[in-house]
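Biologist: Could you walk me through how to read this model, one feature at a time?

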Amino acid sequence: MGNKTLKLWLTLSAIFIISGITVGVVLYSLYQDEVLVERITVIRERLASLASIRTWVIDSETARRGYLITGNASFLEPLAAARERLTDTQKTLRSQLIADASMLELNSTLERQITLHYEHIKATLARAAQGNFSQAEQMVSRGQDQKIMEQIRGVIGEMEAYHQDKLIVASEDRRAVMLWARLATIALGGLILVLITTLAYIIDRELRLRELYQKELNQEVERLAAELRERAEELDTLSTYLQNSIEKERAQLARDLHDEFGGLLTALKIELAWIEGKAEAYDGTLMERTRQVSERVNALIDLKRRVIENLRPSLLDNLGVEAALSWYAKDVTERAGLALELDIDTMAERPASEISIALFRIAQEAISNTLKYAQATTVRLSLKMQNQQLRLMIADNGVGIDLGARAGKTLTHGLAGMKHRALTLRGKFFIESAPGRGTSIIAEIPYQSSVVKPLERRTQSPVPAQPNSAFARESASG
Ligand SMILES: Nc1ncnc2c1ncn2[C@@H]1O[C@H](COP(=O)(O)OP(=O)(O)OP(=O)(O)O)[C@@H](O)[C@H]1O
Ligand SMILES: [Mg+2]
């Protein structure tokens, strides 16, 4: 891992840890806020209960006074209602204060005073009910009731002040908690921004690196492809060179056999004729033996001629490719017992010798394959001149080749050699065949390929340049 990458990972880890803490702070603050809101609600409910109690006590007092002053019994109705509500509210307040011991104590005092207050009300009302309104009023104004009322107000005030203080504290706490939550949220936003920036930087760096690797990979692939092309070209050049060398050596060998071996055989024939003439006069057996030797020499001369023709058909150089093909096909099929169909155009002008020898060798290999593998009964050989193209076809009616099974595989030497000869002369090469449906070997070579361009030689090429040879690169496909 590089120094830069380590730093990046450390930065990312730090961001994640700080973000985690910040999220924790936000969540804790929200929880605290909820607790505080609940606490504030409880305080407000208690304050509301206290306010109600004060109201009902005042209402009761007002109703009593109204009744005592006016003697109107209708004032007694709100008094009863206020008393009833007061009892309910007191019950509620008691349950609200259950967890607060100091307030519960104060509330007990309040409840006692309220009970006392109502006992006084009851007493005054009883006196009034007996018709002693003035006595009842005196009881009220004696100050006892006022004192109780003040005490009630005082206790309620004390309880309210206590809760107001609590309310202020809770509200301040809430403000502080919300401030923390706000600060943590802002920090989190900042961290997310830093995180996004860091991630964008990492992605950008990663993309750049990938682009660089891809570029390097493409360059390497291109370099390897160029190397491969160069090797293929070199091999191509080499095999063309070898094919031409073999042809040259064959021609040289044919000439040597013809001139030297042929000369020796002819001299031998003359010598034997002389011996035969002499032997006739002396010994019949010797003459017979001499004739036999002479016949063997004749067979040797015949063999020499066939070998020479195979090495370099003299017809090819003397009468042209048409005659050479015709002679070769007839000779071979006759000896193999196959029917032959010939269809050879006569050329107005002889093609270059590279073309003639290529056509001849292609036909030779194709016919040889037919004899070896095809189990055919007929061979058809045609050489046609079409659109400045020489089209050679050797077809048989034999077992055929399973081209599907051979697809994707490299060609074997015979077929590859034929193709190479055609391509070297900027020609095309096809095999048309199917199992049981015979085989056709087709080579198309431009007639003008006689002017074969010398290959643009590479400086490091392993094969020396051969002017006017068939060292030509072929763009045509087979
Ligand atoms: N006319 C044909 N009929 C049937 N099969 C053929 C014919 N020509 C070629 N083949 C098949 O194609 C194969 C390849 O032929 P190719 O001439 O390339 O090689 P080869 O004849 O086996 O060997 P080489 O030519 O090097 O002596 C042959 O082995 C044969 O199975
Ligand atoms: Mg072959």
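**Strands, helices and loops**

Modeller: Let's start in the sheet: S1 and S2 run parallel, joined by six bridges. Two strands count as paired if DSSP finds at least two bridges between them. Helices (H or I, at least four residues) and strands (E, at least two) are DSSP runs, numbered from the N terminus. Bear in mind that this is a predicted model, where local features need pLDDT of at least 70, side-chain atom pairs count only at pLDDT 80 or more, and totals for chains, interfaces and linings use all residues. Residues are numbered from 1 along each chain as its sequence is written, and chains are lettered from A and ligands numbered from 1 in the order in which they are written.

Biologist: Which residue in S2 is the bridge partner of Leu342?

Modeller: That's Leu381.

Biologist: And what is the strand order in the open sheet?

Modeller: The five strands go S1-S2-S3-S5-S4, and the pairing is mixed. S1 and S4 (428-433) are the edge strands, each pairing on one side only. Ignoring direction, neighbouring strands are turned by 10 degrees against each other on average.

Biologist: Which helices pack on the sheet?

Modeller: For the angles, axes are lines fitted to C-alpha atoms, for helices over the stretch in contact, and angles run from 0 to 180 degrees between N-to-C directions. Contact means that the C-beta atoms of two residues, placed from the backbone, lie within 7 Å. H9 packs on the sheet and touches S2, S3 (389-396) and S5 (439-446), its direction making about 10 degrees with that of S3. H11 (residues 413-424) packs there too, touching S4 and S5, and its direction makes about 145 degrees with that of S4.

Biologist: In what sense do S4 and S5 pair?

Modeller: Antiparallel, over six bridges. Phe429 has Ala443 in S5 as its bridge partner. Five residues lie between the strands of this hairpin, where Gly436 takes a positive phi near 80 degrees.

Biologist: Glu432 is in S4 too. Is Glu432 buried, exposed or partly exposed?

Modeller: The general idea is a neighbour count: a residue is buried if 20 or more other C-beta atoms lie within 10 Å of its own, exposed if 12 or fewer, and partly exposed in between, with C-beta atoms placed from the backbone. Glu432 has 15 within 10 Å, so this residue is partly exposed. Leaving aside neighbours within four places in sequence, Glu432 is in contact with Ser440 and Ile442.

Biologist: Where do I find positive phi outside glycine?

Modeller: Two cases to look at are Asn387, with phi of about 45 degrees, and Arg426, with phi near 60 degrees. Asn387 sits in the loop between S2 and S3 and is exposed, because it has 8 other C-beta atoms within 10 Å. Arg426 sits in the loop between H11 and S4; with 18 other C-beta atoms within 10 Å, Arg426 is partly exposed.

Biologist: Now the helices. How do I check the span of H8?

Modeller: The expected span of a helix is 1.5 Å times one less than its number of residues. H8 (residues 321-336) has 16 residues and reaches 22 Å from its first C-alpha to its last, close to the 22 Å expected.

Biologist: Which residues of H8 are buried?

Modeller: Val321, Ala324, Leu325, Tyr328, Ala329 and Thr333. They cover an arc of only 135 degrees around the axis (taken from the directions from the helix axis to the C-beta atoms), which puts them on the same side of H8. The face turned away from that buried side carries the exposed residues Glu334 and Arg335. The cover over the buried residues of H8 includes H7 (314-318), S1 (339-344), H9 (353-374) and S2 (378-386). Just after H8, Gly337 takes a positive phi of about 75 degrees.

Biologist: Why does the span of H3 agree with what is expected?

Modeller: Its 29 residues (101-129) should span 42 Å, and the end C-alpha atoms of H3 are 41 Å apart, which agrees. Buried residues in H3 include Met103, Leu110, Ile114 and Ile121. Among the elements covering the buried residues of H3 are H1 (3-70) and H5 (144-282).

Biologist: How many Å separate the centres of domain 1 and domain 2?

Modeller: 111 Å, taken over C-alpha atoms. The bounds, which come from an automatic or database domain assignment, are 3-209 for domain 1 and 314-478 for domain 2.
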